[in-house]
Amino acid sequence: MRIRIVDAFTDRPFAGNPAGVLLLDAFPDDTRLQSIATEVNHAETAFAHPLPPGGDADWALRWFTPATEVDMCGHATLATAHVLHSTGTTEGPVRFATRSGVLVASPGEDGTITLDFPTAPLTRVDTPDGVAAALGAEPLSVHDTGRQVGDLLVELADEKTVRALAPDFKALAAYSSRGVIATARAEDPAGGYDFVSRCFFPNVGIDEDPVTGSAHTALAPFWSPRLGRAVLTGLQASARTGLVRTELRGARTLLTGRAVTTIDGDLLA
């Protein structure tokens, strides 16, 4: 198997969110897929194989963390589309058959790739007891993001608070099926981004995810009404950092970013 490591939601290597990408003829058994993802040990490893022509999708796509298979992943989808286009395997939009339905990735003339994902349904909830202590900051508001995303979205006072978080990951695991998205408005409107976020996913084996496309399907409907614009740019303020441009289109959210291949080799086992 040929394996590539791709840094997604960045235009430079060793930033953004790294994902393993394997293009296959067919999926091996689930135990092997999970073993490969555990060995790669990045937030996600994507496995894809081509589908027969004439159907609703062009490629089947699955995503695995080091611990489990997940229903949705933005950065590994972006990474897979980047490999397909950069290697000349495909041209134009690519339709992926996934656990979250058919997801489309479209290349732009400027080298970006835009993902068409379902918008997360936000429901405001009371702040759960203990979540402030586990996160290390007092929430301004808390929203459930629905089944597919599976997080609590927690609004905090300001960008400095988001950047300074040092959560108790074990304690955070009790509050949602995947984890917690912490977010705040950008401190400097001229800084090139509109809001910041950090994402903590202890329940799928990722204490902090570097850049999370799926989280932005919840961040877009949260921030667009507040900032009065459909198109926004989010900075995920992890140690690696990354930028995600969002465009809210009702039930769908467009996520746009760049990607860079950093490793290209063979899986020998």
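This report looks at strand β8 and its surroundings in a predicted model.

## About the model

Residues are numbered from 1 along each chain as its sequence is written. Because the model is predicted, local features need pLDDT of at least 70 and side-chain atom pairs count only at pLDDT 80 or more, while totals for chains, interfaces and linings use all residues; side-chain values use heavy atoms, with hydrogens and water left out.

## Strand β8 and its partners

Let's begin with β8, which covers residues 113-118. Strands here are DSSP runs of E with at least two residues, numbered from the N terminus. Five of the six residues of β8 are buried (under 20% relative accessible area, 1.4 Å probe, protein chains only), so the strand is largely enclosed by the rest of the structure.

On one side, β8 pairs with β7 (residues 101-107) in the antiparallel sense over four bridges; pairing requires at least two bridges found by DSSP. V104 has D116 as its bridge partner. The two strands form a hairpin with five residues between them, and G111 in the turn has a positive phi of about 95°. β8 also runs antiparallel to β17 (residues 252-257), joined by six bridges, with P118 opposite R252.

## A look at T256

T256 belongs to strand β17 and counts as buried, at 7% relative accessibility. Leaving aside residues up to four places away in sequence, T256 touches several residues, including F9, I113 and V244; a contact means heavy atoms within 4.5 Å. The C-alpha atoms of T256 and V244 are separated by 5.9 Å, although these residues lie 12 apart along the chain.

The side chains of T256 and T114 share a polar contact of 2.7 Å. Such a contact is a pair of N or O atoms within 3.5 Å; within protein, one must be able to donate a hydrogen and the other to accept it, and residues adjacent in sequence count only if both atoms are side-chain atoms.

Definitions and conventions:
Buried means under 20% relative accessible area, exposed over 50%, partly exposed in between (1.4 Å probe, protein chains only).
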